Amino acid sequence: MTEDQVRTEIARLRAQLAAVEHWVDDLQSGMFINCVYCGFRYGPGSIHAESLDDPKATASMRDALTAHVQQCPKHPLAAAEQRVAALEKLLVSAAHALRSYQYGNSATDLAEEVADALDAALRPPPGGA
Ligand SMILES: [Zn+2]
C-alpha cells in the first residue's frame, strides 16, 4: 500500500467514524442517559446550559455524560483521573529531587520528604485495594 493509499484510507475511515458518531448522537438525542454510579440523569432538553450560546446547549448526550463522568463524585474514572494527576505531580517532584542530587545536593531531608510522599501515595486506601 502506498503512502497516498494509506492517507486515502485514513480519510475514508475518519469520514466513516464521523458518520457513525453522528448516528449515535441522533439515536441518543431523544432518550435519557444515566450515570450508573450516581444516577445523575441527562435527557432531552435537560442538558444544563447558561444560555443558548453556551456550548453545552448543543452538546450531544454522549458529550454531556463524558463531561459529567469527569467530575462525578462516585465514578471510578474520575477518581482514577485525580489519582493519576496526583501521582504525576509526585513524579515531577521526585524527578526534581533526583536532579538536585545529580548536581551535588548532599542533604538527605529532600530525599526523605519525597520518599515519604511517594510511600503515602502508593499505600492502599483504607478498606480498599
Ligand atoms: Zn455520576
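Okay, let's start with one residue: Gln71 is exposed, because just 9 other C-beta atoms sit within 10 Å of its own. The cut-offs behind that word are these: a residue is exposed with 12 or fewer other C-beta atoms within 10 Å, buried with 20 or more, and partly exposed in between, with C-beta atoms placed from the backbone. Gln71 belongs to helix H2. From Gln71 to Gln82 is 11 residues in sequence, and their C-alpha atoms are 9.8 Å apart in space.

Before going on, a word about what we're looking at. This is a predicted model, where local features need pLDDT of at least 70 and side-chain atom pairs count only at pLDDT 80 or more, while totals for chains, interfaces and linings use all residues. Residue numbers run from 1 along each chain as its sequence is written.

So, the overview. The protein chain has 4 helices and 2 strands, and by those words I mean DSSP runs, numbered from the N terminus: H or I over at least four residues for a helix, E over at least two for a strand. In sequence order the pattern reads α-β-β-α-α-α. How much of the chain is buried? Of its 129 residues, 3% are. As for contacts, which are pairs of residues with backbone-placed C-beta atoms within 7 Å, take those with a separation of 6 or more: 47% of them join residues 24 or more positions apart.

Now let's go through the helices. H1 covers residues 3-28, which is 26 residues. Its first and last C-alpha atoms are 37 Å apart, close to the expected 38 Å; that expected span is 1.5 Å times one less than the number of residues. Is H1 in the open or buried? The number of buried residues in H1 is 0, so this helix lies largely in the open.

One H1 residue I'd like you to find is Asp25. Asp25 counts as partly exposed because it has 14 C-beta neighbours inside 10 Å. Leaving out residues up to four places away in sequence, Asp25 touches Ser60 and Arg62. Asp25 and Arg62 are 37 residues apart in sequence, yet 7.0 Å apart from C-alpha to C-alpha.

Next, helix packing. Two packed helices are described by the angle between their axes and the distance between the axes. Here, axes are lines fitted to C-alpha atoms, for helices over the stretch in contact, and angles between N-to-C directions run from 0 to 180 degrees.

Back to H2, residues 61-71: its axis comes within 6 Å of the H3 axis, and the two cross at roughly 55°. H2 and H3 are therefore oblique to each other. For the vocabulary, under 35 degrees is roughly parallel, over 145 roughly antiparallel, 65 to 115 roughly perpendicular, and the rest oblique. This crossing is right-handed, meaning the near helix is turned clockwise from the far one by less than a right angle; anticlockwise would be left-handed. Which residues make the contact? On H2 they are Val69, Gln70 and Gln71, and on H3 they are Leu77, Ala78 and Glu81. Sorted by class, that contact has 3 nonpolar, 2 polar and 1 charged residues. The classes put Ala, Val, Leu, Ile, Met, Phe, Trp, Tyr, Cys and Pro under nonpolar, Asp, Glu, Lys and Arg under charged, and the others, Gly among them, under polar.

And then there's H3 with H4, that is, residues 76-102 and residues 109-122. Their axes come within 10 Å and cross at roughly 160°, so H3 and H4 are roughly antiparallel. H3 passes H4 in a left-handed crossing. Among the residues in this contact are Leu87, Leu90 and Ala94 of H3, along with Val114, Ala117 and Leu118 of H4. Which classes turn up there? This contact has 11 nonpolar, 2 polar and no charged residues.

Let's pause on Leu87, in H3. With 13 C-beta neighbours inside 10 Å, Leu87 is partly exposed. Leu87 and Ala117 are 30 residues apart in sequence, and 9.9 Å apart in space between C-alpha atoms.

Last, the spans of these two. H3 has 27 residues and reaches 38 Å, close to the expected 39 Å, and Gly104, which follows H3, has a positive phi near 110°. H4, with 14 residues, reaches 20 Å, close to the 20 Å expected. The number of buried residues is 0 in H3, so H3 lies largely in the open, and with 0 buried in H4, so does H4.

Terms used: Two residues are in contact if their C-beta atoms, placed from the backbone, lie within 7 Å.
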